[in-house]
Amino acid sequence: MTTDTNLRVLAAARDAWLAAGAFRLRRDRYKRYTYGDQWSDIIADSSGRCAAEADLIAESGRKPLTNNMIRQIVKIVIGRYRSACRDENIYAADKPSRRYVGDNALLELDCRMLEEFLISGCAVQRIAVEKRRGVERLWIDNVDPRTFFVNSFKDPRGNDIELIGMLHDMSFPEIVARFAGGKRGRAAALARSYAVASGDADFYPTALLGEAACDATDFFNAPAGRCRAIETWTLDCRRSTSRSIDFVWQCRWFTPDGALLASYDSPYPHGSHPFAIKLYPLTDGEVHSFVEDVIDQQRCINRMIVLIDHIIGSSAKGVLLFPQDQKPKEVDWKEVADTWSRSNGVIPITGAGSQLPQQVVTSSADCGAYQLLALQMKLFDNISGVGDVIAGRNISPSTGNALYESQLRNSTIGLADLIDSFAAFRNERDRKAEKSQ
């Protein structure tokens, strides 16, 4: 394979990673909302000045309060998944073909993968037979969407995928163990290559940076102390001896400067790349996650809580109106205030005025904010599909087991498509795992 061909593959991988930039930004926002950072969106105030929403709220004299409903429903869905897996014995490693289950702590991996799937709508795992720290066996790893790339595709089954891969950040000893082949000269060349890569802007091939040089550098750069290796898989066509065209998945590993670390055809019996992937729902190639559906409702709930807190904070709560002509001369105002704040206190008055002291308490219950908050909470449950029955809340003691199970089945209809899509992802992973051993 020529150097030009390899560079074209690396450039295509870079372009695929850059094309997912908008997806990564949305995922970062959804992740922030899921884990409680819900006031960092940049918005414009009435004068057009842009700032973080939390800063604008604070400048108005209010507190940016958060009632994180998203995290709760994500935990509920994952809890229901764990419960269903336990009841159906899905992760039992009682078959020889599924001995990889226990070795890879698959239930824990899948629960974390489901969490990612709920947040971003993206589930990717890598299934490969590799030697790691002296042990060669089948490894299954969750893939961070920030390091993953794939060509634009629209088939939910992934049959139109022709380029796929990921970015690896390894220690240098691991780079040597994987790619030096036990040769000292090769190890020395790798050492020189990665030593230059650290901090040298001229190291990266100009032809691969292009106009988006800043973003492209992120594609090539590893965190401090790590070495970036770029794994690409392409569906290549070749002519066989009978002059027919065969399609073969070929793997190439690159250094950041475009040098080829390794190249080989798919070694797996399934003949494909080692990734299981599911993007949800992939309508016209688009990804729209579970969390995305409830972002606006979460924002409304937070704003209503801030509004109610502001109303309560600015309302009169037990203010004492004390006419000056009712205060005896021998009593000072501090004594009046101290006595009023104590139970069973006695405050003397002159009785000379026409108006007696009175306490003022303003009720904020009639402002409608509480009713609107209750409505938003109800809408949140309806939109997310996670209601009281799924969450195990407000279940009447008189509800029989059969009725409860029926209610539970009916209440999970809204989540069935998402959960079944994740099950299809899991089945594809299992298929590749069983054929890779």
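Leaving aside neighbours within four places in sequence, which residues is Ser421 in contact with? In this predicted model, the partners of Ser421 are Phe117, Lys278 and Tyr280. Ser421 itself sits in helix H16, which runs over residues 413-436. Its relative accessible area is 15%. The cut-off for a buried residue is under 20%, so Ser421 counts as buried. One of its partners, Phe117, is a buried residue of helix H6.

The overall fold sets the scene. The protein has 437 residues, and 42% of them count as buried. Its secondary structure comprises 16 helices and 14 strands. Among contacts with a separation of 6 or more, 65% join residues 24 or more positions apart. The accessible surface amounts to about 23600 Å². Carbon and sulfur atoms supply 52% of that surface.

The interior was examined next. In soluble globular proteins, nonpolar side chains tend to be buried together. The largest nonpolar core in this model holds 47 residues. Within this core, Ile70, Leu118, Phe290, Val291, Val386 and Phe422 touch the most other members. Helix H4 (residues 69-88) gives the largest share of the core, with nine residues. Another core, of 32 residues, lies apart from it. Its members include Ala128, Phe148, Phe153 and Cys227.

Leu118 shows how the main core is joined. Beyond its neighbours within four places in sequence, Leu118 is in contact with Val74, Val77 and Ile78. Its other partners are Ser289, Phe290, Val291 and Leu418. Two of these, Phe290 and Val291, are themselves among the core members that touch the most others.

Helix H6 carries both Leu118 and Phe117. H6 covers residues 106-120. At 1.5 Å a residue, its 15 residues should span 21 Å. The end C-alpha atoms lie 20 Å apart, which agrees with that expectation. H6 is mostly covered, with twelve of its 15 residues buried. The buried set includes nonpolar residues such as Leu106, Leu109, Met113, Leu114 and Ile119. Asp110, Glu115 and Glu116 are buried as well. Just after the helix, Gly121 takes a positive phi of about 80°.

Helix H1 (residues 3-19) gives a second check on helix length. For 17 residues at 1.5 Å each, the expected span is 24 Å. The end C-alpha atoms are 24 Å apart, in agreement. Buried residues of H1 include Val9, Leu10 and Trp17. Thr5, Asn6 and Arg14 are also buried there.

Charged pairs were then surveyed. The whole structure contains 29 salt bridges. One joins Glu115 to Arg71, with N and O 2.6 Å apart. Glu115 belongs to helix H6 and Arg71 to helix H4, so the pair ties together parts that are 44 residues apart in sequence. The two ends differ in cover. Glu115 is buried, at 7% relative accessible area. Arg71 is partly exposed, at 27%.

A second salt bridge stays within H6. Arg112 pairs with Glu108, their closest N and O atoms being 2.9 Å apart. Both residues lie in the helix, four residues apart, about one turn. Arg112 is partly exposed at 33% relative accessible area. Glu108 is partly exposed too, at 39%.

Arg49 and Asp45 form a further salt bridge, with a closest N to O distance of 3.4 Å. Arg49 has 38% relative accessibility and counts as partly exposed. Asp45 has a relative accessible area of 22%, and is likewise partly exposed. Elsewhere, salt bridges link several residues into a network. Its members are Asp28, Arg29, Arg32, Asp41, Glu53, Arg299 and Arg303.

Nonpolar side chains also appear at the surface. Leu372, Leu375, Leu379 and Ile383 make a nonpolar patch of about 310 Å². Ile383 lies in helix H13, which spans residues 369-384. At 39% relative accessibility, Ile383 counts as partly exposed. A patch residue needs over 30% relative accessible area, so Ile383 passes that cut-off.

Technical notes:
Residues numbered from 1 in each chain as written. Predicted model: local features only at pLDDT ≥ 70, side-chain atom pairs only at ≥ 80, totals over all residues. Heavy atoms only, no water. Helix = DSSP H or I, 4+ residues; strand = E, 2+ residues; numbered from the N terminus. Buried < 20%, exposed > 50% of the residue type's maximum accessible area, 1.4 Å probe, protein only. Contact = heavy atoms within 4.5 Å. Areas by Shrake-Rupley, 256 points an atom, 1.4 Å probe, with all protein chains shown as cover. Patch = residues over 30% accessible without salt bridge, like charges linked within 9 Å, V, L, I, M, F, W, Y side chains within 5 Å. Salt bridge = Lys/Arg side-chain N within 4 Å of Asp/Glu carboxyl O. Core = buried A, V, L, I, M, F, W, Y, C linked by side-chain atoms within 4.5 Å. Expected span 1.5 Å × (residues − 1).
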